[in-house]
Amino acid sequence: MIKEDILRDIASADAAELKAKEAYDALAADLNAEKVSREEDITTMSQEKAGKLGEHTDTESARATSKSGLDVTLKMIADLEPTCNYFTVNFPVRVKNRQIETDGLEKAKAILKGAVFPEGESLLASSAGVRPKEPLPPPAQERSAAVRSHA
């Protein structure tokens, strides 16, 4: 009876060991297959990473080129700004000077047509006191007539 129990225990231990070995072999095969799969994934991802790094480098160089072009353009605009400011600041003065010049030309035309002006008055200031020998057309009509004749 003890011998039979020992033999039965040995047989059950051998069966359990065989079953454990089969489970181990199956697990080892699955793990090796997974390891190979992971190594392939690593290789693929490393290649993708190298490609992406190459694209990144290309993009950075393109950006640097674009930025340098933008910097040149911005510097050119900044260099032109004083000129623009000159025109912006001096525009009202130039308009006033142009009005004075136009006033003088209108007065000269009126004088040539025989108008008489009191001393020191401009055409615009003394338009009510102007006594031309012949009626003068309003400046807007005169200008539009001149524009039509040149067109």
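Here is a quick tour of this structure, starting with the overall picture and then moving to a few details.

What you're looking at is a predicted model. The protein chain has 151 residues, and just 7% of them count as buried. Its secondary structure comes to two helices and zero strands. One of those helices, H1, covers residues 2–112, and a good part of this briefing takes place there.

**How confident is the model?**
- Averaged over the protein chain, the pLDDT is 82, and 79% of the residues reach at least 70.
- Watch out for residues 126–137, though: the pLDDT there is below 50. In the model, this stretch still has 18 contacts beyond near neighbours in sequence.

**Fold and surface**
- Take the contacts between residues at least 6 apart in sequence: 19% of them join residues at least 24 apart.
- About 13000 Å² of the protein chain is exposed, with carbon and sulfur atoms supplying 63% of that area.
- Met1, Ile2, Ile6, Leu7 and Ile10 together make a nonpolar surface patch of about 560 Å². Leu7, one of its members, sits in helix H1.

**Salt bridges along helix H1**
- The structure holds six salt bridges, and here are some of them, taken in sequence order.
- Lys21 and Asp25 form a salt bridge, with 3.6 Å between the closest N and O atoms. How far apart are these two along helix H1? They are four residues apart, so about one helical turn separates them. Asp25 is partly exposed, as its relative accessible area is 37%.
- Further along, Lys67 pairs up with Asp71 in another salt bridge, and their closest N and O atoms are 3.3 Å apart. Both residues lie in helix H1, with a spacing of four residues, or about one turn of the helix. Is Asp71 buried or partly exposed? With a relative accessible area of 35%, Asp71 is partly exposed.
- Then come Lys75 and Asp79, whose side chains meet in a salt bridge at 3.3 Å, N to O. These two also belong to helix H1 and are four residues apart, about one turn of the helix. Lys75 has a relative accessible area of 52%, and therefore counts as exposed, the cut-off being over 50%.

**To recap**
- This is a predicted model with two helices and zero strands.
- Helix H1 hosts the salt-bridged pairs Lys21 and Asp25, Lys67 and Asp71, and Lys75 and Asp79.
- Residues 126–137 are the stretch to read with the pLDDT in mind, as it is below 50 there.

Methods
Residues are numbered from 1 along each chain as its sequence is written. This is a predicted model: local features need pLDDT of at least 70, side-chain atom pairs count only at pLDDT 80 or more; totals for chains, interfaces and linings use all residues. Side-chain values use heavy atoms; hydrogens and water are left out. pLDDT is the predictor's confidence in each residue, from 0 to 100. Contact means heavy atoms within 4.5 Å. A salt bridge is a side-chain nitrogen of Lys or Arg within 4 Å of a carboxyl oxygen of Asp or Glu. Buried means under 20% relative accessible area, exposed over 50%, partly exposed in between (1.4 Å probe, protein chains only). Patches are made of residues with over 30% relative accessible area and no salt bridge: like charges are joined within 9 Å, nonpolar side chains (Val, Leu, Ile, Met, Phe, Trp, Tyr) within 5 Å. Accessible areas come from the Shrake-Rupley method with a 1.4 Å probe; for residues, only the protein chains shown count as cover.
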